[in-house]
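User: I have a model open at the bench and would like a close look at one part of it, with its surroundings explained along the way. Could you walk me through it in plain terms?

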Amino acid sequence: MTVSARSPHVVRDPVQQPGGALPARVPRPGGTLQDASSECDDRQMTSVGKALELLAAFRGTIPELGVSELARRAGMPKSTAFRLLGDLERAGFVARSGAKYRLGLSLFELGSRVGFCRPHGLRDVAIHDLSELHINTGLTAHLAILEGTDVVYVEKVHAGNPVRLVTVPGARLPASCTGLGKAMLAFSDGATVRAVVEAGLPRRTRNSITEPGRFVRELRRVREAGVAYDREEGTLGLTCVAAPVIVEGRVVAAISASGPPHGTSWPRIESHVRHAASGVSRAYALNVSQVS
């Protein structure tokens, strides 16, 4: 069943929406330990806090970093970073490759236990429809969730696009610059939208929407249409159409197809994206009900 243009497919959700509240002392993605709790003074941060800052410093597209760069990103002396990296290496949270460090297998093991990555979770049940979207369109298909002011990519089925995509599972981009982000924000509450606008709308390309009033109007159009377009707003040479996955009145994810702006029948692609979002909603509800 395809999704109505004005009424995205809605199903009952017996599980918690991804991206819920984090414990007080754990930093939200993109933030710092200093932001996580008023009890944690940045001049007296614990060793645990500093180690978490080092792990957070690996965010980005560079897989291996030297101790000097990690120390700079984490805002600590190089000697402290070196000592803590040794502890993290012994625990398997980082691995050493010559003079550089990369994230270790222990983090992969823990990350695989995140709710939407577990069996019957969002990622597991979405892969069929995501693969079908890729096969039917020949484009790169994405599944993402909204976390704060960013989208976090959960799964990707890659196509040979001539434009290099920086999206990989676990990567994040500003929500305002992506079709996925706009699809989710259009069906989010006012507080969520305000947080994105007040944080500032970044300009990644000349097509990025950076004026708050225009961005809010864009979200209204998305809500009315049921799909969102990214017309080279995040990456020049790349267009994206996305549809939200709505569960019991809440947006829990979005599905998209991305490809070159020219030579592509985007109305046809839009239809396939709607169908994929509807399929993910049905599969998610069915799988959760079978294991509950």
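The request below picks the part, and one connected answer follows.

User: Please take helix α3 as the part to look at closely. Which residues of helix α3 are buried, and what covers them? After that, I would be glad of a tour of the rest of the chain.

Analyst: Happy to help. Please keep in mind that this is a predicted model. A little background on the whole chain comes before the helix. The protein chain has 292 residues, and buried residues make up 47% of them. Its secondary structure comes to ten helices and ten strands. Taking contacts between residues at least 6 apart in sequence, 56% join residues that are at least 24 apart.

Now to your helix. Helix α3 spans residues 67-74, and its buried residues are Val67, Leu70, Ala71 and Ala74. Looking down the axis of α3, you will find these buried residues within an arc of 100 degrees, so they line one face of the helix. There is a general point that helps here: an α-helix has 3.6 residues a turn, so residues three or four places apart point the same way. The cover over the buried residues of α3 includes helices α2 (47-56) and α4 (78-90), together with strands β2 (65-66) and β4 (100-103). Just after α3 comes Gly75, with a positive phi of about 70 degrees.

One residue of α3 deserves its own paragraph. Arg73 lies in this helix, and it counts as partly exposed because its relative accessibility is 33%, between the limits of 20% and 50%. The side chain of Arg73 reaches the backbone oxygen of Ala57 at 2.9 Å. Setting aside residues up to four places away in sequence, Arg73 touches Ala57, Arg59, Ile62 and Leu65. Leu54 is 19 residues from Arg73 in sequence, and their C-alpha atoms are 7.8 Å apart in space.

From here we can move on to the nonpolar cores. The largest one has 30 residues, and Leu143, Val245 and Ile255 have the most contacts inside it. At least two residues of this core come from each of α6 (122-137), β5 (140-147), β6 (150-157), β9 (239-247), β10 (250-259) and α10 (266-291). Helix α10 gives the most, with eight residues. Another core, of 26 residues, lies apart from this one, and among its members are Ala144, Val151, Met184 and Ala186.

For a close view of α10, try Ala277, which is placed in that helix. Ala277 counts as buried because its relative accessibility is 1%, under the 20% limit. Not counting residues up to four places away in sequence, Ala277 touches Ala243, Pro244, Val245 and Ile255. Two of these, Val245 and Ile255, are also named among the residues with the most contacts inside the largest core. The C-alpha atoms of Ala277 and Asp129 are separated by 7.9 Å, although their positions lie 148 residues apart along the chain.

Strand β9 brings us to Thr239. Thr239 is buried, with a relative accessible area of 6%. Leaving aside neighbours within four places in sequence, Thr239 is in contact with a list of residues including Tyr229, Asp230, Arg231, Glu232, Ala257 and Trp266. Thr264 is 25 residues from Thr239 along the chain, with 9.6 Å between their C-alpha atoms.

Several of those partners have features of their own. The charged end of Arg231 sits over the ring of Tyr229, 4.3 Å from its centre. As for rings paired with rings, a search of the whole structure finds zero aromatic pairs. Glu232 is in the loop between β8 (228-231) and β9. Phi of Glu232 is near 60 degrees, a positive value in a residue other than glycine. For background, most residues other than glycine have a negative phi.

Tyr229 also leads to helix α9 (residues 212-225), where Glu218 has its place. Apart from neighbours within four places in sequence, Glu218 is in contact with Lys182, Ile209 and Tyr229. The side chains of Glu218 and Lys182 are joined by a polar contact of 3.0 Å. Glu218 counts as buried, at 12% relative accessibility.

The last stop is Ala199, in the loop between α8 (190-198) and α9. Ala199 counts as exposed, at 56% relative accessibility. The C-alpha atoms of Ala199 and Thr149 are 7.7 Å apart, and the two residues are 50 residues apart along the chain.

Definitions and conventions
Residues are numbered from 1 along each chain as its sequence is written. This is a predicted model: local features need pLDDT of at least 70, side-chain atom pairs count only at pLDDT 80 or more; totals for chains, interfaces and linings use all residues. Side-chain values use heavy atoms; hydrogens and water are left out. Helices (H or I, at least four residues) and strands (E, at least two) are DSSP runs, numbered from the N terminus. Buried means under 20% relative accessible area, exposed over 50%, partly exposed in between (1.4 Å probe, protein chains only). A polar contact is a pair of N or O atoms within 3.5 Å; within protein, one must be able to donate a hydrogen and the other to accept it, and residues adjacent in sequence count only if both atoms are side-chain atoms. Contact means heavy atoms within 4.5 Å. A nonpolar core is a set of buried Ala, Val, Leu, Ile, Met, Phe, Trp, Tyr and Cys residues joined through side-chain atoms within 4.5 Å. The arc is that of the directions from the helix axis to the C-beta atoms. Rings of Phe, Tyr and Trp (its six-membered ring) pair if their centres lie within 6.5 Å; planes under 30 degrees apart count as stacked, over 60 as edge-to-face and the rest as tilted. A charge sits over a ring if NZ of Lys or CZ of Arg is within 6 Å of the ring centre and within 35 degrees of the ring normal.
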